[in-house]
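Me: I am new to reading protein structures. Please take me through one part slowly, then show me what lies around it.
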Amino acid sequence: MGLDGGTVISRTDVLRGASWDLAQADASTSTRGGQLSSHRRHGASRALPPSVVRETRWRVCALSGAPLSPARGVVACALGRLYDRETALTHVLTRHGVFTSEEATYAYANRLNSSGAIGDASHLRARSDFFEVRLARAADATEETPEFECPATGARCGRSAVAFVALRPCGHVVSEKAAREAAKAAAVGGGGGGGGESESPPTPPTCPACEVPFDPAHSLPIHGTEAQVEKLRDAMDRRHAAEDDAKARRKGRREAKRRKRTTESESACG
Ligand SMILES: [Zn+2]
């Protein structure tokens, strides 16, 4: 990589390579029809240090490997992974057979063909599987190397083991600590003191970024621990199974109605 010529490898270069490697490890990206350099091809088999994986996951779309941009829109899935909004929506549309673009179709096919994927996309079934999140950009971040932080504490996303959650319904991504402190403040300031007026409903905590009330029980851990992701996956699987049941019941009712109509019209004719 031309080091003798005095080339300085910037942090951006490292992250760009890492994001490509991560996307390959996730087996969820297209090559965009480009010719891969030998460096990149070999790079795919490189084991990435956990800190680089952690940092990169916070910067790139889990489907395309492209940098996340709050201006373009960022969504999170039920497992707490982050995606470019349009990429996620296109993925779901393509899954349902809607043609959006040739590139999107190839990208989708690539994702299907890649087996053993870490970040497989089979759980992205409908628009309802995403939830819009609002990421606070760090002051020194660029479009190419995005970096996000907690709007309350300034902790950088992915730089350390600090945990982050997306609050609902506003979607702000804040450190778990900031969310906990907001909940604590609400409990102290609200009806949680034990005494006071009887039957006063507890005051819900408010988002430290926009002051919209949020439900701590429904905060979504973003890039959470393995145990958190397993728990989220269980809840998601149960929800998907219930959706499938409801769909099957609706289909059964439609079929029964159609059969009844056919029988009626046949007996009317005969
Ligand atoms: Zn908010």
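In which sense do E1 and E2 pair, and over how many bridges?

Reply: First, a caution: this is a predicted model. Now the pair. E1 and E2 run in the antiparallel sense, and 3 bridges hold the pairing. The two strands make a hairpin, with 4 residues between them. Look at Gly80 in that turn: its phi is positive, at about 85 degrees. One facing pair to find is Val75 in E1 and Tyr83 in E2.

E1 also has a partner in E3. Strand E1 covers residues 74-77, and 4 bridges join it to E3. This pairing is antiparallel too. Val75 turns up again here, since it also stands opposite Glu132 in E3. So Val75 has Tyr83 opposite it in E2 and Glu132 opposite it in E3. Cys77 of the E1 strand stands opposite Phe130 in E3.

Put the strands together. The three make an open sheet in the order E2-E1-E3, with antiparallel pairing. Strand E2 (82-84) and strand E3 (130-133) are the edges; each has a single partner strand, so one side of each lacks a neighbour in the sheet. Neighbouring strands here are turned by 40 degrees against each other on average, direction ignored.

What of the faces of E1? Both are covered. Val74 and Ala76 lie on one side, Val75 and Cys77 on the other, and all of these are buried.

Now bring in a helix. H4 lies across E1, E2 and E3. Its direction makes about 85 degrees with that of E2. Helix H4 spans residues 85-95, and His91 is found in it. Is His91 buried or exposed? His91 has a relative accessibility of 4%, so it counts as buried, because the cut-off for buried is under 20%. Setting aside neighbours within four places in sequence, His91 is in contact with Leu63, Tyr108, Arg111, Ala121 and Leu124.

Thr90 lies in helix H4 as well. Thr90 has a relative accessible area of 15%, which means that it is buried too. Not counting residues up to four places away in sequence, Thr90 touches Thr100 and Ala104.

Move along the chain to another sheet. Three strands make an open sheet in the order E7-E6-E8, again with antiparallel pairing. Its edge strands are strand E7 (173-175) and strand E8 (220-222), and each of them pairs on one side only. Here, too, neighbouring strands are turned by 40 degrees against each other on average, direction ignored. Strand E6, residues 164-166, pairs with E8 over 3 bridges in the antiparallel sense. Val165 has Pro221 as its bridge partner in E8. Helix H6 (residues 176-189) packs on this sheet and touches E6 and E7. The direction of H6 makes about 85 degrees with that of E7.

Next, find the zinc ion. Which atoms coordinate it? They are Cys170 (SG), His172 (ND1), Cys207 (SG) and Cys210 (SG), at 2.1 to 2.3 Å. In sequence, these donor residues follow the spacing C-x1-H-x34-C-x2-C. The angles among the 4 donor atoms run from 107 to 112 degrees, and the site is tetrahedral. As a yardstick, the ideal angle for four tetrahedral donors is 109.5 degrees.

Two of the zinc donors have their own burial values. Cys207 counts as buried because its relative accessibility is 1%. Cys210 is at 27%, so it counts as partly exposed.

Finally, step back to the whole chain. The protein chain has 7 helices and 8 strands. There are 270 residues, and 34% of them count as buried. Its accessible surface comes to about 16000 Å², with 53% belonging to carbon and sulfur atoms. Take the contacts between residues at least 6 apart in sequence: 62% of them join residues at least 24 apart.

To go over the starting point once more, begin at Gly80 in the turn of the hairpin. Then go to E1, which has E2 on one side and E3 on the other in the order of the sheet. End at H4, which lies across these strands.

Definitions and conventions: Residues are numbered from 1 along each chain as its sequence is written. This is a predicted model: local features need pLDDT of at least 70, side-chain atom pairs count only at pLDDT 80 or more; totals for chains, interfaces and linings use all residues. Side-chain values use heavy atoms; hydrogens and water are left out. Buried means under 20% relative accessible area, exposed over 50%, partly exposed in between (1.4 Å probe, protein chains only). Contact means heavy atoms within 4.5 Å. Accessible areas come from the Shrake-Rupley method with a 1.4 Å probe; for residues, only the protein chains shown count as cover. Two strands pair if DSSP finds at least two bridges between them. Axes are lines fitted to C-alpha atoms, for helices over the stretch in contact, and angles run from 0 to 180 degrees between N-to-C directions. Donors are N, O and S atoms within 2.8 Å of the metal (3.2 Å for Na, K and Ca); water is not among the atoms, so sites may look incomplete. Four donors count as tetrahedral if all angles lie between 85 and 135 degrees; four count as square planar and six as octahedral if opposite donors are over 155 degrees apart and all others between 65 and 115; anything else is irregular.
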